[in-house]
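Please open the model in your viewer and keep the sequence panel beside it. This tour goes from one selection to the next and says what is there.

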Amino acid sequence: MAYNQICFMGLGYIGLPTAAVSAGKELKVLGVDINASVVETINQGHIHIIEPGLAEQVKHVVENGNLRAATKPQISDVYLIVVPTPFKGNHEPDISFVEAATKAVIPLLKNGDLYIIESTSPVGTTEKMADLIFSQRAELKDNIHIAYCPERVLPGNVLYELTHNDRVIGGINESSTAKAIEFYSTFVEGKLHPTNARTAEMCKLTENSSRDVQIAFANELSLICDKAGINTWELINLANKHPRVNILQPSCGVGGHCIAVDPYFLTSDFPMESQLIGKAREINNYKSFWCAEKIHNAMLQFELKNGNKPKVALMGLAFKPNIDDLRESPAKYIVQKVMQSEQNNIMVVEPNIADHHIFKLTPFDEAYEKADIVAFLVAHKQFSTLKKCGNKIILDFCGILK
Ligand code: SAJ
């Protein structure tokens, strides 16, 4: 099928790369964002987020005219909703951005169009949006295609995974599923697995909840090992020699905008049934608090023993290794918590960003050299080059020294 125009509603961490990749397959793509400065940046061939290879890809497709950005949608054949679905204060999912983007395209829809939600959404959202569309445009019932297709890309490897990962595609009926599969096959080389909309929505929540539960297990082990005087990293390495055991890595907590968020979509809608998923969230959150307490205690003990306050290096602010993304970062939470009681002798390190509007950053080698206490929060590759020196107290929460 030939498409005259594809419209992406949302030009964030997923919308922009997906728009740029599909525009690279000779589709005419309009990217829509409510933020006028994002739109301007993209129309100049630049980007507002950091992702390897994305700047080049966007520059290429903007220059050849296949991608342009605007603050309002225009008549298209395919509409993709790729906006954030955050949660409210009580951990209830907030689908107001999906709703607003849907309302913006409703007047433009015509027979034969395809409407797809990619945003992580509570189960039933696609059907809810279908009802919203048909409540305003009853004549479109059975005449447009509506589907849900979650993204699965890993920040840092987005361009490769967008093309190569398998995808799950669930329509509100079989013809919608078939139309959405036809669309994704224009730029996805991975397998496209058909299902219904509710299962596809649940599949996304399942994937990220599964990872959160597995990380919580590793983090719980790290708490037990700390008390028992056992090296967690060695333990996990040994346990993983079993052919059917594959334990993930403990950390200073779970961050980012996906794994630390999506499980709440299940605990909020299915509170009685999602006990394990809820507990995993608690454990991963508690792990960050525990790390902050450990640092605090080490500082107190140092002062008691030496009569002066220690210099402390807090190594890493990003939510995971080797990226510059601080969203929902447990390391950032720990730094803030430690600095609530002491600001003067703390050196904050994040080698992947040049500066920060709140924290004064110190180069990693300088902070390490000067510090009495070094807390490794994120396993950035630069830190593994540091050589043992002096009589430092080392708190390794991310296994960089393992
Ligand atoms: N982490 C650990 N221990 C581990 C692995 C990760 O503590 O062994 C921590 C990281 O440090 C980080 C957090 O988990 O704080 C999340 O990092 P991640 O690399 O596991 O995942 P994300 O958030 O970057 O991307 C995830 C991916 N989902 C899964 O792997 C199931 C990605 O495929 C999704 O597309 C993405 O969420 C999303 O957008 O939903």
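Which residues make a nonpolar surface patch of about 270 Å²? Select Tyr-286, Phe-289 and Tyr-333, the residues that make this patch. Keep in mind throughout that the model is predicted.

**Stop 1: the patch and its helix**

Stay with Tyr-286, which lies in helix α11. With a relative accessibility of 40%, Tyr-286 counts as partly exposed, because that class covers values between 20% and 50%.

Now select residues 275–306, the whole of helix α11. Within this helix, pick Lys-279 and Glu-282. They form a salt bridge, and their closest N and O atoms are 3.0 Å apart. How far apart are Glu-282 and Lys-279 in helix α11? The two are three residues apart, so about one helical turn separates them. Both ends of this bridge are partly exposed: Glu-282 has 47% relative accessibility, and Lys-279 has 46%.

**Stop 2: helix α8 and its neighbours**

Leave helix α11 displayed and add residues 197–228, which are helix α8. The axes of α8 and α11 are 8 Å apart, and the two helices pack at an angle of about 45 degrees. Are they parallel, perpendicular or oblique to each other? α8 and α11 are oblique, because an angle of about 45 degrees lies outside the ranges for roughly parallel (under 35 degrees) and roughly perpendicular (65 to 115 degrees). The crossing of α8 past α11 is left-handed.

Next, hide α11 and select residues 232–239, helix α9. Here the axes of α8 and α9 come within 9 Å of each other, crossing at roughly 125 degrees. This angle makes α8 oblique to α9 as well. The crossing of α8 and α9 is right-handed, whereas that of α8 and α11 is left-handed.

**Stop 3: two salt bridges from helix α8**

Keep α8 in view and select Arg-198 together with Glu-127. What is the distance between the closest N and O atoms of the salt bridge that Arg-198 forms with Glu-127? It is 2.9 Å. This pair links distant parts of the chain: Arg-198 belongs to helix α8 and Glu-127 to helix α5 (residues 125–136), with their positions 71 residues apart in the numbering. Arg-198 is partly exposed at 41% relative accessibility, and Glu-127 is partly exposed at 34%.

Then move along helix α8 to Glu-207, and add Arg-152. These two also form a salt bridge, with the closest N and O atoms 2.5 Å apart. Again the pair links distant parts of the chain: Arg-152 sits in the loop between β6 (145–148) and α6 (158–164), Glu-207 in helix α8, and the two are 55 residues apart. Arg-152 has a relative accessible area of 29% and is partly exposed; Glu-207, at 25%, is partly exposed too.

For the wider picture, how many salt bridges does the count come to? The count is 16.

**Stop 4: two residues with positive phi**

The next selections concern the backbone. Most residues other than glycine have a negative phi.

Select Asp-142, where phi is near 70 degrees, a positive value in a residue other than glycine. Where is Asp-142? It lies in the loop between α5 and β6. Is Asp-142 buried or exposed? With 68% relative accessibility, Asp-142 counts as exposed, because the cut-off for that class is over 50%.

Move on to Asn-322, another residue other than glycine with a positive phi, here near 65 degrees. Asn-322 is in the loop between β9 (312–315) and α12 (330–341). At 38% relative accessibility, Asn-322 counts as partly exposed.

**Stop 5: a buried cysteine**

Finish with Cys-398, found in the segment after β12 (393–396). Is Cys-398 buried or exposed? Its relative accessible area is 11%, so Cys-398 is buried; the cut-off for buried is under 20%. From there, add Lys-332 and draw a line between the two C-alpha atoms. Cys-398 and Lys-332 are 66 residues apart along the chain, and their C-alpha atoms are separated by 14 Å.

Notes. Residues are numbered from 1 along each chain as its sequence is written. This is a predicted model: local features need pLDDT of at least 70, side-chain atom pairs count only at pLDDT 80 or more; totals for chains, interfaces and linings use all residues. Side-chain values use heavy atoms; hydrogens and water are left out. A salt bridge is a side-chain nitrogen of Lys or Arg within 4 Å of a carboxyl oxygen of Asp or Glu. Helices (H or I, at least four residues) and strands (E, at least two) are DSSP runs, numbered from the N terminus. Buried means under 20% relative accessible area, exposed over 50%, partly exposed in between (1.4 Å probe, protein chains only). Patches are made of residues with over 30% relative accessible area and no salt bridge: like charges are joined within 9 Å, nonpolar side chains (Val, Leu, Ile, Met, Phe, Trp, Tyr) within 5 Å. Accessible areas come from the Shrake-Rupley method with a 1.4 Å probe; for residues, only the protein chains shown count as cover. Axes are lines fitted to C-alpha atoms, for helices over the stretch in contact, and angles run from 0 to 180 degrees between N-to-C directions. Angles under 35 degrees count as roughly parallel, over 145 as roughly antiparallel, 65 to 115 as roughly perpendicular and the rest as oblique. A crossing is left-handed if the near helix is turned anticlockwise from the far one by less than a right angle, and right-handed if clockwise.
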